[in-house]
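Here is a short tour for anyone who likes to know how each term was defined before trusting a description. Have the viewer open and follow along.

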Amino acid sequence: MGYQLFENDYKRQGVDLSVQWQASDTTDLTFSANYSQADVSNRMDGVFVNTSRMSNFIDGASQQGLGLGSEFWGRTSFYDNNPVEYGGTEGGAPTDNDQMQWTDPQQQWHVLDPKTRTWTTLLNRESIGSIEASVNNYETENSLYALELNHDFSDRFRMVAGASVNESIQTPKNNVYLTANTSRVVGPWNLHHVPANLLNPAGYDCSSGNCRLNGGYTAPASLGNNVDLDPSLNDLWDNIGTSGFDPDVLENHTLSYIQATITEVSDKQETAFVDFDFDLDSYGITTVEFGAKVTHREKFVNNQSGTPRPSDERVQSISPFTGETLSIDASNINLIQVTNFADGKVDANGFLSGLGYAKDNITDGWLRFDPIAAINAVSQGERAFTLDNTQTRGAEFDNVSAYIKANFEFMDERIQGDVGFRHVRTEVETNGFAGTVFGTTSSNGGRVIDPIQLMRMREVGAGGVQCPSLAETPSPLDYGTNSIFWNPQNGSTDTTLGTNYSLTQFFERNRWARVDGTGFNTNGTPFDYSDDTPIAATNSGLCYDPILEPGVIPSSFFERNLVRYADISTDLTYPFDANGVRQLTESGNIVSNDRSRNSVAAIDNHTYDIILPSLNVSFAAREDLITRFAASKTMARPPIDDLRAGARTNEGDIFGSGIALRPSSTVQLFTAKIDPLESTNLDFSVEWYFNDSGMVSANIFTKDIKNMIEVKDYLSYIGDLRKTAANPDGASYSNGVFSVDGQDIPLLLSAADVNTCMPRRLQGEAALSGTPELIYGNNPDYLCNQYTVTQNVNAAKASVEGIELNYVQNFDFLPGIWSGLGTSMNFTYQEGTFDKSREVIPGAPKESYNATVYWAQDGHQIRLAWSGASDVLEQTAFAGGSRWREGRQTLDLSSSYALTDSISLQFDVANLTNETVRTYFTSRTLVLPDANGNPITFNEGSAINGNAPTNRTLDEYTVGRTFRVGIRAEF
């Protein structure tokens, strides 16, 4: 959960030109042109907290996810007796620690609403918060050139023909997103040492109505001496803060994530048309209209995003532990303090007040940093990153339509109307990419673990090929002062204390002691790569190591041992070149290559023909009463950006423990084969003109809809796509299948199969130690990662029925200035559902309404318009549920004052009352435990026609008021 503040600056300049030439009494030619250029600058500053439900501390019990031994479970005894080595006390007896509360108030911090299965309060000792910032600056150019010819062949036969070219171009400037968090300074291990009555847990609290972030700095009261200071910032044991979320203390934040994006857009449309009118005046037919239109449109979006490659320059940073100035390798962004890029404080004047939030230590603003300065310091440039073409796409449309329509009159013009049809043919060709974004961090460092590979190595057995043994595994702590990694701190002789060993060298030695032919013997100098010697493969990497059996690896040493068997095939920092050679820079660092994302080209096409008939009839029952009937078939093409070729797979978060579905593991399937929405419409209305300037009407309507576009989602296992990372240039994609080196890899699998699936990979000590089902298991349903698949499809048939009421009145019968007053009102009630499921259709609120009061006279006018709608379904398939938009009302003001007959001043205000926009979530397919703990599909139904809860807010924001002042001149 988080807060965000958006600041947008839009500067537009434009020019319009229109020239008309009357060539003769029967011919005129009009040329019009429009050009505009805009500079757009967007900035976002935000704060958010990790809302994962972590277990809080109970004195004497194991703390999940930290990998701490039992000696860390009991605070009051162990810590007070060991004040120096472990922190948490001042040393000596008695201390403040003796009277402190250590067990966390779990029942107060985790409060569940059993009816909606929603955490109304979720606070955690070890949760951390983040500061985020982004800038998105770009330039747009729009041009329109049109030529129109009007010609009368005779008094009865006329023609209008024209052609136009419309082009839009978007050019990027800076688009950067960064986050910084406290995990390197006040992370879980630091917070483990803070007494509960001094701790300020991070999370959110919705118990008072508004969901408020919780966190912030509280002055520590006797948290103990800082001990074992490590200028490399690897000291995660000292309790130097009381909350993992503290946006007002910038020095506690280091960079955690960088993404740069380049979005270039070109969109060009060429149109030519011709329309003919012929006055027939025979057999009740007054005129016949016919014509044709040809449109060609090309749109290309080059959308690239990724993590920029690290700079070769080192970055100066300050250690929050020692105050020393450190020289940091730019690839280690999580060691770089954001104080280097401080940019003042967020101007939070009025921030969230429109949503009913009072000022607190977070909503009063927080310290922010400059994303541009940060990316310039730590990277080779925002554009220096491995391309992710999966968001790049192009589409080409060719549309040809022709129509004929007859207008008729009967019974002395009491019956009027028209009948006709239109034929439309559309050809679509799209291009795009199919690719994968593999799970990664700013520096994988060869730490991603494939549990299927671990299973296969265990299956070799003790009687099979053995992996070469490594000294002092699984833990140097078993060897005490005789360990080759013994490196005591501050004169300590405690052999049970991990900080008295060079565990980073232990990790690095193990990292390179690989058995698959890509390993190196570090020869006692793990960080000096110049003297490394290659290690030959052992049975192609398939050998037996007893440490892979349950119970062998001690707590907090899972990653340090398993890193030897890590899956480096998709590393962000893959250490070999195209020839499999490890290259070093002049300074001795490894030259890395990004294999964390790849893509291959894909194409798709689609053609469709549609005939659209229409009939409109009006009957004047008397002079003041008119009835109307209309029958038609209409169409709406899919948005051009929804028509793409290829697919995008995202492995998602590989750091979480447990075997629950990973929401961030997703597959997006793209297609051009989406038919346009077709609607058969029937309308019947009655209009009563009760005086010369007033009217009321009622309209009953029905729509039978097919091919409505909706997002379909479902769960699926996928094929092992890692081979595409090894040889993207030799890969291809067609109809949901990748081909690499002659091998077909289906994107979607019908079932979990460890021989063909993409594994559920892991990284990090917490994930490895907390998921024994993967590390030691052999269940394919767990070992294969399951993905949420989404794709645009043509939905089943649907129908909409409703009634519309209108009232219009000009008060021109009033005297003087009041005669310019008028009003109009409208109310619509409708029900739109799919025919079979009876579920509501997206975009169709049950109720919508508007009312306008206006005054216009002598070229002056002022208009006040109020409009609103009830709740509406925005997206049927959204993260295992549905996304709804809450009903809202808006009030707009527009006015103009005529200075002369050709010049007027304009003043407009949109969203005069600054109304709130809120979206919320209901579950459809989430699998949750029932009262007995058995997993069931949690389907809450409709928020409109049912009793689904509406309190799970996804987004809530105000966009503010928009003021516009202008001058209009006509000549």
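The notes below cover strand pairing, one pocket and one residue.

This is a predicted model, in which local features need pLDDT of at least 70 and side-chain atom pairs count only at pLDDT 80 or more, while totals for chains, interfaces and linings use all residues. Residues are numbered from 1 along each chain as its sequence is written, and side-chain values use heavy atoms, with hydrogens and water left out.

**Strand pairing**

Helices (H or I, at least four residues) and strands (E, at least two) are DSSP runs numbered from the N terminus, and two strands pair if DSSP finds at least two bridges between them. The pairs to look at are these:

| Strand pair | Bridges | Direction |
|---|---|---|
| strand 2 (residues 27–49) and strand 5 (residues 129–152) | 23 bridges | antiparallel |
| strand 5 and strand 6 (residues 157–181) | 23 bridges | antiparallel |
| strand 26 and strand 27 (residues 737–740) | four bridges | antiparallel |

Asn42 stands opposite Asn136 in strand 5. On the way to strand 6, strand 5 passes through a hairpin of four residues, and Ser130 has Asn181 of strand 6 as its bridge partner.

Further along the chain, an open sheet is built from three strands in the order 26-27-28, with antiparallel pairing. Strand 26 (731–734) and strand 28 (743–746) are at its edges with a single partner strand each, so one side of each has no neighbour in the sheet. From one strand to the next the twist averages 25°, where axes are lines fitted to C-alpha atoms (for helices over the stretch in contact) and angles run from 0 to 180 degrees between N-to-C directions. Ser734 is bridged to Val737 in strand 27.

**The second largest pocket**

This pocket holds about 620 Å³ of space. Its lining has 28 residues, and Gln453, Asp516, Asp567, Ser569 and Arg722 lie nearest the centre. Helix 6 (451–460) and helix 9 (722–726) are the elements that give two or more residues to the lining, with helix 6 providing the largest share, four residues. A pocket here is an open set of points on a 1 Å grid over the protein atoms alone, where a 1.4 Å probe fits, with protein on both sides within 12 Å along at least five of seven lines; lining residues have an atom within 4 Å of a point.

**Thr649**

Thr649 sits in strand 21 (residues 646–650). Is Thr649 buried or exposed? Thr649 is buried, at a relative accessible area of 1%; buried means under 20%, with a 1.4 Å probe and protein chains only. Leaving out residues up to four places away in sequence, Thr649 touches nine residues' worth of neighbours listed as Gly435, Thr436, Val437, Thr666, Val667, Ile718, Leu721, Leu747 and Tyr787, contact being heavy atoms within 4.5 Å.

Technical notes: Grid points are joined across faces, edges and corners, and a volume is the space filled by probe spheres set on the points. Buried means under 20% relative accessible area, exposed over 50%, partly exposed in between (1.4 Å probe, protein chains only).
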